[in-house]
Amino acid sequence: MQGQMMDFQLTITAILKRLKQMYSQVEIVTKTPAGTMHRYTYGDCYRRVCKLAHALDRLGVKLGDRVGTLAWNTYQHVELYYGIPCIGAVTHTINLRLAPDQLIYTINHAADKVVFVDVTLVPLLEKIAPHLTTVEHYVVIGAPPGCQTTLPNALHYEDLLAPEPDHYNWPELDENTAAGLCYTSGTTGNPKGALYSHRSQYLQAMVGGMSNGLGISSKDTIFAVVPMFHANAWGIPYTCGMMGIRQVHPGPHLKPADLAQLIQDEKVTMAAGVPTLWMGLYQELKSKSYDISALRMLLVGGAAMPISLTQAIEKDFNITVLHAWGMTEMSPAGTCTGVAPPGETCEEGSYWAWKTRQGVPVACVEVRIVDDEGNELPWDGQAVGEVQVRGPMVISSYYNDPSGDTQFTKDGWFITGDVATMCPKGSMGITDRSKDLIKSGGEWISSVALESALMAHPKVAEAAVISIPDQKWSERPMALVVARPGETPSKEELLEFISPQFAKFWLPEEVRFISEVPKTSVGKFDKKVLRKRYAEGSL
Ligand code: AMP
């Protein structure tokens, strides 16, 4: 027997209609590339989204066509986030941190028909444009009058919108219609596309607003520092539209002083980004005086947040650090430390132990951990296994890329490549990524835990731990350490510092000092490069 509910489609259009109807006075604030502040309301935004929709029709964009955006976090990017999918096309958010050949690969693979580009990023696009095979129009955003470009068929965003009407008859879309396309950072091989549906984006927006998730509401002002070109800025532009939340966007201004100033001036209550950002912000806030009294929460994900930094931020500034885990392939919400479940007993149930972990699965995400043979492991806080997930926000294959099929199990779970323990009430603690995990003498060693411990040392700026081959033990950990300016830590003092936390066999016998840890396009430690350097003997 089936329930008798209305056949109502969960679409981004439903969010768009809601933000127009209910939140037309709520503000969207952007720091423009020129450094001036742009302010307007959701009502203004809605009218321009309508104009954009007409303009896309005029350019010949049809149902299912991909439209690229090469842009920072700005109000125009928000308009594109709504205008493109609500006419039935797909927003391909191009990751501007990718190397040129990867940019070319992703735009050609997505077969983008139109690309919208921030004026500051035009030089980047001009260099690769001759290699792009499908793009029919380029639209430059924020160009000053008379701005010239070698991009073929280039149009100006404002010229495109100007003649169009500010109302639009939105099509009724099926909720499974494709809405967004993000490519993963590509630490191995070519980037792979995650194609989101309207439904997955709608659910992601709802999950973001749940009080056991991010716990945000229209009382908040959200500062989305996490880029809109990476995992849809964790769904924040849609959560904000759905909940009527005031948004602040930094444009290209991401230096710690810029972030601190915007948090102060715009009375930001919640800011979202990767740990590297908050490391810089913390130092800025310690060295200069800002009024950040409105800031109540930092949302941190994308990489493990060192507990030393969480403690420093929470203790020194009385700001809650919300540690979360997710993946591009998961829309991206996975787990978060919003509210501990009743009876959460793992790791003596201590507050900092809870904060060190990545939190419990959000609604719509199921998690299991498995051993090497695929057997499900218990949630006892001890068993270490590979994390697999499923749910309505998780992709079921990569976009037009069968080489990614190995990431899915026969029984329909996505293999994350992360390795974790699960506590009885669902708190997940990532210990490593499977491609990074160090197995020494048949036992696991967590490079993430070693890095976190090393980075807690006051003389250490960054530390990456990689696996190196060892005749006796198969593998051993090697630490690559970047000292803080003016400091010269010794190997002995670092090992002495971390040794109380680990079994003896965990301690890296090799500690080498380097000037910088290489990073991937999204700012994570690029261990592939370190391993290659090690193999070449250049470490
Ligand atoms: P991406 O799809 O680029 O966002 O990368 C997702 C991957 O980043 C995950 O599979 C994890 O390996 C890593 N990651 C994301 N959030 C966290 C976190 N809070 N702690 C540890 N690793 C994380």
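Helix α7 is largely enclosed by the rest of the structure, since 10 of its 12 residues are buried. The model described here is predicted. The buried positions of α7 are H198, S200, Q201, Y202, L203, Q204, A205, V207, G208 and G209. The cover over these residues includes helical elements, namely α1 (12-22), α3 (75-86) and α8 (236-243), together with the strands β8 (178-183), β9 (193-197) and β15 (333-336). The geometry of α7, which runs over residues 198-209, agrees with the expectation for its length: at 1.5 Å a residue, its 12 residues should span 16 Å, and its end C-alpha atoms lie 17 Å apart.

Attention turns next to the nonpolar interior. In soluble globular proteins, nonpolar side chains tend to be buried together. In the present model, the largest nonpolar core comprises 92 residues, of which Y82, F116, W170 and V389 touch the most other members. The greatest contribution to this core comes from helix α2 (residues 42-58), which supplies nine residues. A second core, separate from the largest one, holds 28 residues, including V465, V482, I514 and F525.

The surroundings of W170 illustrate the packing in further detail. When its neighbours within four places in sequence are left aside, W170 is in contact with T13, L16, K17, Y46, V49, C50, A53, C86 and I87. Two cysteines, C50 and C86, are thus among the contacts of W170. These cysteines are nevertheless not bonded to each other, because the sulfur of C50 is 9.5 Å from that of C86, its closest cysteine sulfur, which is too far for a bond. C50 counts as buried, at 0% relative accessibility.

C240 is likewise in no disulfide, and the nearest cysteine sulfur, belonging to C45, is 11 Å away. With a relative accessibility of 0%, C240 also counts as buried. In the structure as a whole, the number of disulfides is zero; the cut-off applied to a pair of cysteine sulfur atoms is 2.5 Å.

A further buried site is found in helix α4 (residues 100-110), where T106 is placed. The relative accessible area of T106 is 1%, and this residue is therefore classed as buried, the threshold for that class being under 20%. Beyond its neighbours within four places in sequence, T106 is in contact with H92, L98, Y183 and P191.

Conventions: Residues numbered from 1 in each chain as written. Predicted model: local features only at pLDDT ≥ 70, side-chain atom pairs only at ≥ 80, totals over all residues. Heavy atoms only, no water. Buried < 20%, exposed > 50% of the residue type's maximum accessible area, 1.4 Å probe, protein only. Helix = DSSP H or I, 4+ residues; strand = E, 2+ residues; numbered from the N terminus. Expected span 1.5 Å × (residues − 1). Contact = heavy atoms within 4.5 Å. Core = buried A, V, L, I, M, F, W, Y, C linked by side-chain atoms within 4.5 Å.
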